[in-house]
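This short report looks at aromatic rings and the company they keep. Have the model open as you read.

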Protein chains: 2
Amino acid sequence: MSVYKLTYFNVPALAEPIRFLLSYLEIDFEDSRFEPEQWPSIKPTMPFGKVPILEIDGKILNQSTAICRYLSKKAGLAGSDEWESLLIDIAVDNINDLRQAISLQVFEPNEESKAEKYVTLTNETIPLYMNNFENIVGENGGYFVNGKLSFADIYFVAVMEFYIIMLKMDLLNGRPNLQAHKKKVLDIPQIKSWIAKRPAFSMQL
Amino acid sequence: MSVYKLTYFNVPALAEPIRFLLSYLEIDFEDSRFEPEQWPSIKPTMPFGKVPILEIDGKILNQSTAICRYLSKKAGLAGSDEWESLLIDIAVDNINDLRQAISLQVFEPNEESKAEKYVTLTNETIPLYMNNFENIVGENGGYFVNGKLSFADIYFVAVMEFYIIMLKMDLLNGRPNLQAHKKKVLDIPQIKSWIAKRPAFSMQL
């Protein structure tokens, strides 16, 4: 049996879709979390100076989306043919574009640029993406792709949690399809168990 | 036979890996290019207001990396098993992180933030990524993954061309493994033919 070790800050963010998928697969994993003050000494030891990483039998893997796609294949959540896999990959990258726009605003070090980005983010980017997602889920039987659970659904719910908190905006407000979608994902028994047992997280990255 | 139509600005950038892969597959495609002044009227008609899009038999696909992965599977360039596909996906996302860091600096609208980003990009991000890529290609028999041509190799050469031009820095200078790697990709007969026949591009996005 393979040994899995996940290393990240003590927050959900980019690690949480991996934690959700490992839980969905009922794979035991070491959930190694560090505090922000440990990061300067850890950063130089990480591939490209970034986390999360997942170690499988000591082999170090970076890039959370690639890791999630790999785990999703094992879970049967990465598409039943190449076309469906394509649609799921597109949905995940659309979700990542929104996540990244939020992240770039929240972590922008220049105060003036941060203020400018906030205006674009809240007036244009978030309404555009969230309204599209609301419609896509409405038109696809309550899921992102083809009326069935996929990697994209788990990814959206797991990764957006932290960025919504960081942004201090309820992005699901007034979007009933996405509210029902979130409930459905969090009601999956293995994910419900994970949420019930996961440690409280700090708010700092 | 399916009908392929690619829509993008008249530059390589995010569309070029798709053009390389369609050429590699010897798939005829309509290479629809527009000028910057046409963009305001095109943008609202595009998924999430972005390009490139690829239409296959009229079905509109966005997200260039997802499209490339789909085409790569048809070309046998997406990995021979799930583990190799994971390693290729990781390599592509590492490449995308560098591409995006360059893009975020080049297109940063705030002048002060743009200057700050330039310092981080040239002193930290570019050396870190390019030196790692040089080593990775050196350690993997001249390719990004497992000593054989994959999606990651074509993606790197095709996507970086434009961003290197935008940045006005020769990122391959002093990196012989990456120079040889570029030559090898551009010497693939179908890619060589594409380069010989592709239209001259404008420098504006």
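## Ring pairs in the model

Across all chains, the structure holds 28 aromatic pairs. One of them joins Phe151(A) and Tyr155(A), whose ring centres lie 6.0 Å apart. Their planes meet at 80 degrees, so this pair is edge-to-face. The cut-off for that label is over 60 degrees. Keep in mind that this is a predicted model.

## A pair within one helix

Where do Phe151(A) and Tyr155(A) sit? Both belong to helix α6 of chain A, which covers residues 151–167. They are four residues apart, so about one helical turn separates them.

Are these two residues buried or exposed? Phe151(A) has 1% relative accessibility, so Phe151(A) counts as buried. Tyr155(A) is also at 1%, so Tyr155(A) counts as buried too. The limit for buried is under 20%.

## A pair between two strands

Chain B offers a tilted pair, Phe9(B) with Phe34(B). The centres are 4.7 Å apart, and the planes differ by 50 degrees. This pair links distant parts of the chain. Phe9(B) lies in strand β1 (residues 4–9), while Phe34(B) lies in strand β2 (residues 30–34). The two are 25 residues apart. Both Phe9(B) and Phe34(B) are buried.

## Across the chains

Which residues do ring pairs link into a cluster? They are Phe48(A), Tyr129(B), Phe133(B), Phe144(B) and Phe156(B).

Rings also meet charges here. Lys59(A) places its charged end over the ring of Trp83(B), 5.2 Å from the ring centre. Likewise, the charged end of Lys59(B) is over the ring of Trp83(A), 5.2 Å from its centre.

Terms used: Residues numbered from 1 in each chain as written. Chains lettered and ligands numbered in written order. Predicted model: local features only at pLDDT ≥ 70, side-chain atom pairs only at ≥ 80, totals over all residues. Heavy atoms only, no water. Phe/Tyr/Trp six-rings, centres within 6.5 Å; stacked < 30°, edge-to-face > 60°. Buried < 20%, exposed > 50% of the residue type's maximum accessible area, 1.4 Å probe, protein only. Lys NZ or Arg CZ within 6 Å of the ring centre and 35° of its normal.
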